[in-house]
Structures are given as C-alpha cells and as structure tokens.
Amino acid sequence: MEAERLIASGRHALAESRTALDIVAEAWQAQALAEAIGSHLALAGPLELRGEARGLSETGGGRGAVDHPALRTGGLRAAQLTTVGDARTALTALGALLGEVGIALVGVACATDDEGLYWQSIEAIDAADEAGDHVRAMLRRLALRDRDPHRPPDTARGRAGPG
C-alpha cells in the first residue's frame with residue numbers, strides 16, 4: 001500500500017482512539033510507519049535523502065517500534081507499505097502525523113496517574129520527536145535540491161551538501 005494512504009489511516013485511527021492505551025498504541029504504529037518509510041527511502045529514495053532516511057529507519061532505538069508492547073494484536077500497518085510515491089508529499093504527511101501523535105501523547109502523559117503509562121508516553125514522545133527531526137531534515141534537503149537542481153550530492157557522507 002502507498003505511504004500516503006497508510007499515513008491517512010494512521011491519522012484516522014489516532015483521531016478515533018478513545019483510551020490512553022489506544023493512543024500509545026497508535027503512536028507506536030506511527031513510529032513503525034516512520035521507520036518503514038525511512039527504510040524504503042534509504043534504499044530507493046532520492047540520493048540526497050538516503051543518509052537521513054537511514055536515521056529515520058533507526059529511530060526506534062535499535063529494537064524498533066515493532067517490538068513495543070503497546071501495539072495491539074490487529075497487526076502493524078507499516079507491514080503493508082509497498083511504495084512511497086512522491087517523497088515530499090509523503091514526508092509532509094508523515095510530519096503532520098508525528099506532530100499529532102506528539103500532541104496526543106502529551107495529553108496522555110499529563111492526564112495519567114499510572115507511572116508506567118506516563119513513561120511509555122514519554123518514550124513515545126521522544127521517538128516521535130526524533131522521527132520528526134529526520135523528516136524535517138529530509139524536507140529541507142528536498143527544498144535545497146529544488147533551489148539548485150545541479151548541486152552534486154555529497155557522496156562522502158551519502159548525503160546532499162549541508163542541511
């Protein structure tokens with residue numbers, strides 16, 4: 001399934017979440033999707049995005065969101081990813097989803113008296129923030145490329161110029 005459709009599904013599922021645990025589970029669904037999009041772009045995306053995309057694919061702290069216990073048994077949406085059509089459009093939508101996730105998680109963290117849920121929320125906020133940083137960096141790289149399409153990629157670091 002195309003990245004934008006999966007992101008839209010994630011935004012809808014987050015909006016429909018009614019409990020704190022559902023919100024945390026949707027946050028990790030979004031994180032898994034961010035990692036999957038990062039992996040896809042690292043392998044097949046524009047050259048100037050590949051280094052930052054590798055970073056996005058690793059934002060789960062080494063274990064990945066796939067292993068997080070907050071995920072429900074309904075399966076991982078990210079496993080359905082087959083393509084990232086337009087990188088800029090997908091990254092813009094992903095950035096919006098990660099922002100919405102962060103806001104929802106702050107609400108969970110502020111409203112809970114359960115210390116475990118509080119720390120799960122904080123961990124998910126950190127992951128969403130880190131993923132959002134990578135997404136914003138990739139969008140900046142695309143903007144730089146659009147301003148100077150003849151700019152050679154920085155092959156020493158696998159990235160396009162400063163960013």
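1. Helix axes that meet at angles under 35 degrees count as roughly parallel. Keep that cut-off in mind for H1 and H4 in this predicted model: the axes of helix H1 (residues 3–16) and helix H4 (residues 87–111) cross at roughly 15°, so the two helices are roughly parallel to each other.

2. A bit more on that pair. The H1 and H4 axes come within 9 Å, and H1 passes H4 in a left-handed crossing. On the H1 side, the contacts come from Ala-3, Glu-4, Ile-7, Gly-10, Arg-11 and Leu-14. Their partners in H4 include Ala-90, Ala-93, Leu-97, Val-101 and Ala-104.

3. Ala-104 turns up again when you look at Ala-20. The C-alpha atoms of Ala-20 and Ala-104 are separated by 9.0 Å, although the two residues are 84 apart along the chain. Ala-20 itself belongs to helix H2 (residues 20–44).

4. Buried or exposed: where does Ala-20 fall? With a relative accessible area of 28%, Ala-20 is partly exposed, because that class covers values between 20% and 50%. Leaving aside residues up to four places away in sequence, Ala-20 touches Val-108 and Leu-117.

5. Now for H5, residues 115–147. I checked its length: 33 residues at 1.5 Å a residue should span 48 Å, and the end C-alpha atoms are 48 Å apart, so expectation and model agree.

6. Last one, the start of H5. Asp-114 caps the N-terminal end of this helix, with a side-chain oxygen 2.8 Å from the backbone nitrogen of Gly-116.

Conventions: Residues are numbered from 1 along each chain as its sequence is written. This is a predicted model: local features need pLDDT of at least 70, side-chain atom pairs count only at pLDDT 80 or more; totals for chains, interfaces and linings use all residues. Side-chain values use heavy atoms; hydrogens and water are left out. Helices (H or I, at least four residues) and strands (E, at least two) are DSSP runs, numbered from the N terminus. The expected span of a helix is 1.5 Å times one less than its number of residues. A polar contact is a pair of N or O atoms within 3.5 Å; within protein, one must be able to donate a hydrogen and the other to accept it, and residues adjacent in sequence count only if both atoms are side-chain atoms. Buried means under 20% relative accessible area, exposed over 50%, partly exposed in between (1.4 Å probe, protein chains only). Contact means heavy atoms within 4.5 Å. Axes are lines fitted to C-alpha atoms, for helices over the stretch in contact, and angles run from 0 to 180 degrees between N-to-C directions. Angles under 35 degrees count as roughly parallel, over 145 as roughly antiparallel, 65 to 115 as roughly perpendicular and the rest as oblique. A crossing is left-handed if the near helix is turned anticlockwise from the far one by less than a right angle, and right-handed if clockwise.
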